[in-house]
Amino acid sequence: MDGEKPKSRRRMFRKWFKRKHKGAEPYQLSQVSDGGEDESTDYLDDILFQSMEMDPCTSTSELRIFVGTWNVAGRSPKGSLAVDLDEWLNLKDAADMYVLGFQEIVPLKTRNVIGVEDPTEARNWNLLIGKTLNEKFGCPWLTPIVHPISSENYNYVQVSELEPEITREQSRTLQEKPKSVSKYKLIASKKMVGVFLSVWMKSELVRKYDISNVKVCSVACGIMGYLGNKGSVSVSMTIERTSFCFVVAHLASGEKKGDEGRRNHQVAEIFKRTAFPRSSSDNDIPHPLTILGHDRIFWFGDLNYRLYLEDNSARQLIRKLDWTALQEFDQLRREREYGGVFQGWKEGALEFAPTYKYSSSNCNRYSGGLPSRSGEKQRTPAWCDRILWYGKGVTQLSYFRSESKFSDHRPVSALFSTQVDVVQSTNPRMVSMHTILPAIPTPKEIVQSNRDEEASSTFLSLIIKDFEESPTQNASCIEQIDDSSCS
């Protein structure tokens, strides 16, 4: 009968396969019973399905991401700040991406909080960041600057379409400099009052990877719960088939009992109100709609969590450089460990001095203390500036603070190695079949392979041969392979 022909051919293939690979370690053929066809068939099906589980349409690529946070205390990016920025960004070990979050890029005065957004400071910071990232590569003024975004639904603009914003003086500089290609491109930028987020990527990776569905969202949860003196700015993006979310936040200040509860409430509000809705301009790749829907999430900023410790005791531990003992009293750590916010999130070890509050700019002394100086605020030093992450495929390589005296906070940064699932082809099914089943051997080649140990034909190649000779009888099997291939 016609139905018996494929079965007999499969039996022949199984015998050939067992003879060819007898004792082969990866498949443990010595454990396969010869007593029954069902058991042998199940075993061979397992091999087939194991092969299909390997997704040949994607590969894993490493992406090194620098995440930084800095409360700049309302100061403009002027003077010698470029030197401090260079030290903070650690360009000697340049990353693939720079994700920089700032707080208080404008003073938190009433006119700034309730007035119309002024893009000037965001533009100035982007210009300085681009100059710092690209200057060492000979093209400080050729980095495109994204116009500040006022809409909650920012749609990604192709980097090649962005035009640099330059002054007349910079225009003259351009005429004197040879044209070149920027080392880093600005991917997204968003400002809400004093909270500011700027995301950059190496130009070569912008060309290499498919970067899609770049969206931003801001959540104001300050005065009356809805003003922007406190809150967050978030950027969502998909790199190839891996989604990323970057959240920079400035939470409620204060070290009185119960102030940590206000911070916890704002964290909950940011999770609840941050959204990245779909739009008509999105591509076919589905993107997450909420923060927790992403594959890799980074939350950073002036989170303002303090120490459950009396001021003098905290300063004694700081003088001893006993960071382990000091961490036992850290509010954020206790929240994560004992049922508060950020359960399941990760943070590197705090092996550096508290980052807040310094007496003033250009000073290495914490504010207050005993005796306190006239006019100084009494503040217990604390690790207010933090970087957390959530999701698989993330490894933290470093976590440290920089020593810029630009403000009463010290900038903090972390370097991460992350995994990105990279698509190999726009026609994954064809790639899948040719990768899993690389060749269709002829009968002559099958005979030759028994004699020649270096032949490249495989068991799956023989199965495909069977499919080609009996397409009707094996339609269901072909459908199973199609269903197992990439989509």
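At what angle do helix 3 and helix 5 pack, and how far apart are their axes? The legends below take up this pair and several other spots in a predicted model.

**Figure 1. Helix 3 and helix 5 pack against each other.** Here is the reply to the opening question: the two helices meet at an angle of about 60°, and their axes are 10 Å apart. Two packed helices are described by just these two things, the angle between their axes and the distance between the axes. The crossing of helix 3 and helix 5 is right-handed. To find the contact in your view, look in helix 3 for L81, A82, L85, D86 and L89. Their partners in helix 5 are W125, L128, I129, T132 and L133.

**Figure 2. Helix 3 has buried residues at L81, L85, W88 and L89.** Helix 3 covers residues 81-89. Its four buried residues sit on the same side of the helix, because they cover an arc of only 90° around the axis. What do these buried residues pack against? Helix 5 (120-135) is one of the neighbours, and strand 1 (58-71), strand 2 (97-103) and strand 11 (412-423) are the others. After helix 3 comes N90, and its phi is positive, near 50°.

**Figure 3. Five strands make an open sheet.** Follow the strands in the order 5-6-7-8-9, and you will meet mixed pairing along the way. Strand 5 (211-220) and strand 9 (385-390) are the edges: each has a single partner strand, so one side of each has no neighbour in the sheet. From one strand to the next, the twist averages 10°. Strands of a sheet pair through backbone hydrogen bonds, either parallel or antiparallel.

**Figure 4. Strand 5 and strand 6 run antiparallel.** How many bridges join strand 5 to strand 6? There are eight, and strand 6 spans residues 231-239. For one spot to look at, find S218, which stands opposite V233 in strand 6. Helix 8 (residues 259-273) lies across both of these strands, and across strand 7 (242-250) and strand 8 (296-302) as well. Relative to strand 5, helix 8 runs at about 140°.

**Figure 5. V193 and N304 have positive phi values without being glycine.** Start with V193, in the loop between strand 3 (184-192) and strand 4 (195-202). Its phi is about 55°. Is V193 buried or exposed? V193 counts as buried, because its relative accessible area is 4% and buried means under 20%. Now move to N304, in the loop between strand 8 and helix 9 (311-319). Phi of N304 is near 65°. N304 is buried too, with a relative accessible area of 3%.

**Figure 6. A cis peptide bond joins Y356 and K357.** Zoom in on the bond between these two residues, where omega is about 0°. Where is K357 placed? K357 belongs to the loop between helix 11 (331-337) and strand 9.

**Figure 7. The protein has 15 helices and eleven strands.** Stepping back, you can fit the close-ups into the full picture. Of the 487 residues in the protein, 52% are buried. The accessible surface comes to about 23,900 Å², and 49% of it belongs to carbon and sulfur atoms. Take the contacts between residues at least 6 apart in sequence: 72% of them join residues at least 24 apart.

Key
Residues numbered from 1 in each chain as written. Predicted model: local features only at pLDDT ≥ 70, side-chain atom pairs only at ≥ 80, totals over all residues. Heavy atoms only, no water. Buried < 20%, exposed > 50% of the residue type's maximum accessible area, 1.4 Å probe, protein only. Arc of directions from axis to C-beta. Contact = heavy atoms within 4.5 Å. Areas by Shrake-Rupley, 256 points an atom, 1.4 Å probe, with all protein chains shown as cover. Pairing = 2+ DSSP bridges. Axes fitted to C-alpha atoms, helices over the stretch in contact; angles between N-to-C directions. Left-handed = near helix turned anticlockwise from the far one by under 90°.
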